[in-house]
Every structure is written in structure tokens, then in C-alpha cells.
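Good morning, and thank you for joining. I would like to take you through a few local features of one structure, which is now on the screen.

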Amino acid sequence: MRDPLPPLIAALLDPARYPEPATFVDLVETHASWLLLAGEFAYKIKKAITLPFLDYGTLARRHHFCETELRLNRRFAPELYLAVIPITGSADNPAFNGAGPVIEYAVKMRRFAEGDRLDHLCARDQLGPRLISSLAAAIVRFHDAATVALPASRFGEPAEVLSPMLANFTELPMLLPGREPRLARLAVWARDEFARLAPHFAARKAAGRVRECHGDLHLRNLVRVDERVMFFDCIEFSEELRWIDVASEIAFTYVDLRRQRRPSLAGWLLNEWLAGSGDYDATRVLRYYAVYRALVLAKVAAIRTRQTGGRLCRADDSLQLAESLITSRTKRLIITHGVAGCGKSRAARRLLLSDQTANTLCLRSDVERKRLYGLAAMADSDSPTDGGIYSRDASERTYRHLLALSETLLAADWSVIVDAAFLERSQRMAFRELAARLGVTFFIVAPQASPARLRARIRGRLAAGRDASEATLEVLRRQLLRMEPLDADERHALLVGHAPPSRRRGEGV
């Protein structure tokens, strides 16, 4: 049975108690707070509780964390977070900003359309790749601006990474009785994986990857506003849970999308974040953080079930997700082949979105080439045809870079798609040899298009100005002249469903 409402919360369900007009008050309860939705505003009141990971046990602490919440969330949602409001009077007869002693505090926020929260969009099947791309870009911008943890601080040290993971295995057996054997297997994996990754955790802190993040970036804390994504409700109660590796941050959103049974969007988010940030080193530690985040979701769901009653289905779903993350996966290395405009990026996108394990990442040569030379993906390099960043030497450097990145991702247990022209057989052979050396399956995808379609796509792409590719019709002409077609052995590596038809004689540009 659900516990009765505290007298203060029951009293605040009266719209007449609010300073602004409200016809009714909606109440939303979480495991740690009450949210009162009145008219155009929302008032968040922290529960007087102490949990293993937070302490709101005194009025002074709740006041402190209300002020901290306001300050931190104004970093990315200043238009939502307005003030900390004292509540005076008595629990049965409270008033906002009234006279007399303060009995509680509330964070006052401007309301947004609840239906535009990303978990609701996801439930209605209205969350697609375009909005996920916007989310990934927003996360990259936030992380780029976030304060970097000082080298002498405890944040991000390997011991600090291990501690919250182990805390899950102390708390979850009490919250999820009967699951002890499953939790024990996860605990063994976590300890073994930490021992292997400890040097990487230390190196990432030294590289400035530990920052003052949001800390709780799941879909319920993300909202669509004017076709962009806004963050809110970050972690304010724990510095340890907020000053974290950016890889741990993105892992939470990735895991929540998987928990919502949207693996294609989870994979797309991760791919877009990596392409935007260039932080491919994060792939080494992402799975560890993803397991940690899945266990956090299980813990929060179990705590909420204890507060409200009911079954532990959501907690079990998250526990099962954690188990799936540590199971072995079949890996693939896929390269594309073809001239500008043939549809390589479209084919790579389809393959990425079709991976129901959310375990595939895509490297795009147009993006990585510009990154190598200090350019943003959409920047104009002002390079002549076959010159500048498209010279022979620059192209060889780009393919070496793609090969090294592919090896990093494959070694970190991810499948890889490399979206590049691969016009030369030697370029393709280097990747095929990498796949053989690492024992992963190798495929080639070679989309085809008519000469008219190739020209139309290139013209359209240049006119739109929304693509990293700078290929022109002259580039296309030169590519067709020097392209080395797939030999018979390579054609056996064509991915089923993506094999090109035989080229018609006389085709040209």
C-alpha cells in the first residue's frame, strides 16, 4: 500500500496557497523529492530522507542542496530554474515566502510541456535520430564547457571509480532479494574489469576527461524545447556523483535508451557523441560505466518500489540489461567502397541503426580527416581538388588514422563501420588484414548509383551546406578515373543485401 502523503505536501495540493494563479496542482513523486506543478510553475521539495547515496535529513541540508541545485542547473537551463523559495507557517497551513520560521524550502522552476520530456517522446515512439543528434551535440557542448577536475582532487581517481560500483553490490542484495547469484556474477565481472581498466581511468583523468558533469543524464531529465534538447535536474547532492568521467555521463543516456528498448537510438547517440567529441578513447571504459549505470537504474527502481509498493519489474529489467552488457558479442569490421554521392553514408547509417545490440560505431572519413587538421566537421577547408587536406599525403594519413581508430574500437569490443571511399585496393587490404589479425568478420558495402544520381546528390549536398563532405563534380570525375574495382575475392566479402549490381557498359560521368 502507498504511504499517506505528508501533511505539508497534502496542504500544498491547494492551488490557493501559491503566489501565482493556479486552478489545480499536480503532484509528481520520485524516490527523493516531491514536485508540485501549479499553473506555469513547479516547486520541488526534497524529502527528509537519508539514503546510502544522499542525505536530506535536516532542514539545513535540504536548504543547502536547494541552493546548489539552483546554481548547477542554471549552467544549462537558466530559463527554467528561477529561485529557492522558503515555506513558512505550519505543515497544515503553509505559505510561500510568508512570515515566521521557515519549515521547508522549494526550488521554483518554470514549467515545460511534460509530454516533451524525452522519456515520454520515447514511449510514444516520437524520439528519432534527428533529435538524438541534437542531444548528442548538446552533450558535447556542455562537456566542452564543463570545469575540469583538478589533478590533485580525488574525483575520477581509480579508487573513486570503483567505490560507487562496489556500493551497488552492497545495497542491491537487500533491495532485490533472490537475485544474489546474478549480482555475484556481475560483481566478479566488475572487479576483474576494473583491475584491467584502472590505468585507463587514471589516464583519462590526466587527459582532462573528468569534469563537473550533470551526473543523472537519463531520459526523464531531458526535454525537447523548440526542437533542441535541454537538460535539467542534475545531481546536486553528491560531488562524487557529479565530478565524473564524461564517458560515465554518456553511458547513462545510452543505457536508459537501451532500457527503453530503443537500441538503435542508443547506438546512434553514442556514435554521434563520439563523432562530435572525438573522444574515441572513451570506448575502452564505456561498457564498465554502462554496467554501473544499469545497476543504478535497478537500485533506484527498487527503492521506488519499496516506497510505493508493487512489483520489481523495472528493477529486474535493469538488472537484466546489466547482464546483457557483459555477455560476449560477435564483432564485425565493415568498410564502404564507392565514389562521392553513391550512398555510402546512407548505407552506413542504415547498418548502424539496424544493430539491435547497440554495439556498432561508425567512423566517417570526412569528419575524421578534418579533425586531424584541426577543423570542425562543417568547416570549409579551402582545399583545392587533390590538394590541401585532400592531397595524397593527407589522404594516406587519414586512412592510417582510421585504421588505428578501428583497432582501438575493435579491441574495446565494439563493431566498426568505416565510411570512406576506399577507392584503392591497398587501402581495403589494410583493413581486411586488421580484421583477420583481430579475429573479427570483415565485410564490404559498395552502394551504387547512376551517373545522373551521383551528380544530383553532389549538387544537392553542396547547395544544402549541411554535410562534412566537400566533394565536387570535379572530385567525382577524378575518383571515377582512379577507382580500383573490387576483385573477385573482395566481392565474396560483400555484405549480403548490399552487393552492387554488375556495372553496365558505357556508364560514365
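Let us begin with helix α4, in what is a predicted model. The buried residues of α4 pack against several elements: the helices α3 (118-123), α8 (246-259) and α9 (263-277), and the strands β9 (210-212), β10 and β11. Which residues of α4 are buried? They are Leu-131, Ile-132, Ser-134, Leu-135, Ala-136, Ala-138, Ile-139, Val-140, Phe-142 and His-143. As general background, an α-helix has 3.6 residues a turn, so residues three or four places apart point the same way. Helix α4 covers residues 129-145, and because each residue should add 1.5 Å, its 17 residues are expected to span 24 Å; the end C-alpha atoms are indeed 24 Å apart.

Two of the packing partners, β10 and β11, deserve a word of their own. Strand β10 (residues 222-225) pairs with strand β11 (residues 228-231) in the antiparallel sense, over 4 bridges. Within this pairing, Arg-224 stands opposite Val-229 in β11. The hairpin has 2 residues between the strands, and Asp-226 there adopts a positive phi near 55°.

I turn finally to Asp-355, in the loop between α12 (344-354) and β14 (360-364). Which side chain of opposite charge is nearest to Asp-355? It is Arg-332, at 6.6 Å; Asp-355 is buried yet has no salt bridge. The side chain of Asp-355 does make a polar contact, at 2.6 Å, with the side chain of Thr-357. Setting aside neighbours within four places in sequence, Asp-355 is in contact with Pro-263, Ser-264 and Thr-360.

Thank you; I welcome your comments.

Notes:
Residues are numbered from 1 along each chain as its sequence is written. This is a predicted model: local features need pLDDT of at least 70, side-chain atom pairs count only at pLDDT 80 or more; totals for chains, interfaces and linings use all residues. Side-chain values use heavy atoms; hydrogens and water are left out. Two strands pair if DSSP finds at least two bridges between them. Buried means under 20% relative accessible area, exposed over 50%, partly exposed in between (1.4 Å probe, protein chains only). Lys and Arg count as positive and Asp and Glu as negative; His and the chain ends are not counted. A salt bridge is a side-chain nitrogen of Lys or Arg within 4 Å of a carboxyl oxygen of Asp or Glu. A polar contact is a pair of N or O atoms within 3.5 Å; within protein, one must be able to donate a hydrogen and the other to accept it, and residues adjacent in sequence count only if both atoms are side-chain atoms. Contact means heavy atoms within 4.5 Å. The expected span of a helix is 1.5 Å times one less than its number of residues.
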